[in-house]
Amino acid sequence: MLKNEVRGIDQRILGILEEDGIESFYPPQREALPLCLEGKHLVLSVPTAAGKSLVAYVGIVQKLLREGGKALYIVPLKALAREKYEELSRFKKVGLKVGISTGDLTRSDPRLARYDIIVCTSEKADSLIRHQASWLWKVNILVVDEIHLLNDPGRGPTLEVVISRMRRINPDLQIIALSATIRNAEDIANWLDAELVKSDWRPVKLKEGVYYRGIIEFSDGSIKSVGTKPDPIQALVRDCLEDGGQVLIFVNTRKSSQSLALKLRDLVKNYIENEREKLEKIADDILSLSEEPTSMDEDLSRCVKEGVAFHHAGLSSESRKIVENSFRERIIKCLVATPTLAAGVNIPARRVIIRDLWRYEVGLGMQPIPVLEYKQQAGRAGRPKYDTEGEAITIAKDKEQRRRIISNYILAEPEPIYSKLGVEPTLRFHILSSIACGFTPDMESLMDFFSSTFYAYQSDIELLSDSIDRTIKFLSENDFIEIYDGRLKATLFGVKTTKLYLDPLTALQLRRVIERIPFGGGSEISYLQAICYTPDMRSLYMRESDTWVEENLEQIKKYIFTEIPPLYSSDYEIFLSSLKTAYLLNDWIEEVPEKKICDKYGVGPGDIRNIVETAEWLVHSMRELARIYRFDLTKELNDLVLRIRYGCRKELLNLVQLKGIGRVRARALYNAGFHTVNSLRGVPLERIASIPSIGKKIAVSIKRQLGELKER
């Protein structure tokens, strides 16, 4: 029984685990749990599916039941936050309240104070610290999932700063850090003064192999013949499906994931047994997610009907979740994904095929993927409770490539993890927040704080001195901070920038545009291009076919209030990218159909959502800065925030406030003569239901929201 394996675990926790069918702990869990229960800091570095999360869950619940306080559980991705939230919600049975927050980085989210366990992304945790959420001082246990992402240039520095600040906020804080197997886990453990549990144990044996000319040669010396026809991928997929397994295929581009999934339909459909009806429903659900299904949605729906799917960031989050759940429930047989899936939610398969070990990097050309990335993809092979072993297979074109794959990936160790905090754009962002929040009121305390970071552990803090000095000079010269008698104090502009979660360079560019716009205001494209030209917007790439962007520039130059770089300079291409992204947003708020936007700009629904979310945040931020510098602009900026949120023209803003009414249905209502919510009052249900795109279900919803129909 569980209670005999690790002493001291609360019986209520053991009861919940046993209800979930957990009969025994894995070896790494048995080693880690006693350390965790003693209140020690812990770094747990074990393979995927080896039970890292369960150790954290038990540690959290035990500590809160014994001592009270709060737990903060930090993950890198929104999708992973939802997964952890759902798993932790099992422990509501013992009286703990579980909350989740991954969105709006410009607010303190006071509702979180009522929860005992809060799951959030590292960016949200950073935002909460910036807003000085009072409950953070009650956090006595911090879980950091995927801590090896300290190595990531984008997310790593924020994660590092959050950990360092939380240790300052509560010196008695217990830290549990979870990681994939990495070479220098000792470095992270030493930085955190933590115990290290490192293991290669897996609940399902992993066999890594290379396919060459119809034969898989595994690293344990075994071989398996799967044939070569009609091609290596299909031969590998067919072999696994014939044995009742599922296949997960990693490719390096979105286009490849879609084209390969479409290609595999004719093969995979032969292995659908009792799932046909479920697959038809899932396919219909995907098309009904949006008022405006795109060609990508239609392709995904067609694939799903035949038991195969693709997964990448261009899909909407709702579509990705449907695909993930359907694969996890073994309804979808084969999934083709980009590498983002490997770093995200837990979706194992009996066989993982890693087709692409190279990918294109901007400015560098084709580059080999890191060993750590390969190991994360390979680690998805093998489903606990279903498989006795999992297979991770790469494909070689010749004997020399087979030898290199075995040497450089299968037998290789993952790369060591290094801090990415020491670059000036990152320092600019975090130094200002540190000063604005009052954590570092002078240079001595600032240097002392950075001395506590992972960067300082791995290298000499003196190497940062010049960069910190330059950053302080930049912040002072541009009115973010004031330096008086050795003290560092943020200005109103600096505090506002920090709380809006803006890169200081973004805030500076927005302020300059606000000050340049003439009285009477600008045009939509003025504001949209300004936000898209900031470091905080990931602009679209310019394609050879995008010559229209530069052609349009001549017509709108008078509405552009950012500096236009010299022709043929490297910055000119960046400027054109910002303008292209601004045009996408302009099409969005002018109600251009989503399908046309996807085709015109070469994007997917998920890309549009990401751009729209970022744009809404940046225009909101611009409005908040306008309250300081140009109050006369706040009204039109407020309207623009709402138009971006809903993707509509101004006249629909009243109607889109109704739940279930997006821009397509709002336009249908408007064209039918209903221009406001109030104009729908007293209208017969049948009349509303007869409007194109509305139907009876939506009409009933409208009537209930108006209080003219009772809820069932």
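**From one buried glutamine to two nonpolar cores**

Gln29 touches Pro34, Ala50, Gly51, Leu54 and Val55, once residues up to four places away in sequence are set aside. The model in which these contacts are found is a predicted one. Gln29 itself belongs to helix H3, which covers residues 27-37, and Gly51, one of the residues that Gln29 touches, also offers a backbone oxygen that lies 3.1 Å from a polar atom of the Gln29 side chain. Gln29 counts as buried because its relative accessibility is 3%, and buried here means under 20%.

Further along the chain, a pair of helices can be followed. Helix H10, made of residues 254-268, packs against helix H12, made of residues 295-305, at an angle of about 35°, and their axes are 9 Å apart. The crossing of these two helices is left-handed. On the H10 side the meeting residues are Gln258, Ala261, Leu262 and Arg265, while H12 contributes Met296, Asp299, Arg302 and Cys303. Sorted by character, the residues of this contact between H10 and H12 comprise four nonpolar, one polar and three charged.

The last step leads to the nonpolar cores. The largest of them has 74 residues, and the members with the most contacts inside it are Ile431, Phe450, Ile468, Ile531, Leu585 and Met622. Taking Leu585 as an example, and leaving aside its neighbours within four places in sequence, one finds it in contact with Leu528, Ile531, Cys532, Met537, Ile611, Val612 and Ala615. Apart from this largest core lies another, of 64 residues, which includes Leu236, Tyr271, Ala309 and Cys334.

Conventions. Residues numbered from 1 in each chain as written. Predicted model: local features only at pLDDT ≥ 70, side-chain atom pairs only at ≥ 80, totals over all residues. Heavy atoms only, no water. Helix = DSSP H or I, 4+ residues; strand = E, 2+ residues; numbered from the N terminus. Buried < 20%, exposed > 50% of the residue type's maximum accessible area, 1.4 Å probe, protein only. Polar contact = N/O pair within 3.5 Å; in protein donor to acceptor, adjacent residues only side chain to side chain. Contact = heavy atoms within 4.5 Å. Axes fitted to C-alpha atoms, helices over the stretch in contact; angles between N-to-C directions. Left-handed = near helix turned anticlockwise from the far one by under 90°. Nonpolar A, V, L, I, M, F, W, Y, C, P; charged D, E, K, R; others polar. Core = buried A, V, L, I, M, F, W, Y, C linked by side-chain atoms within 4.5 Å.
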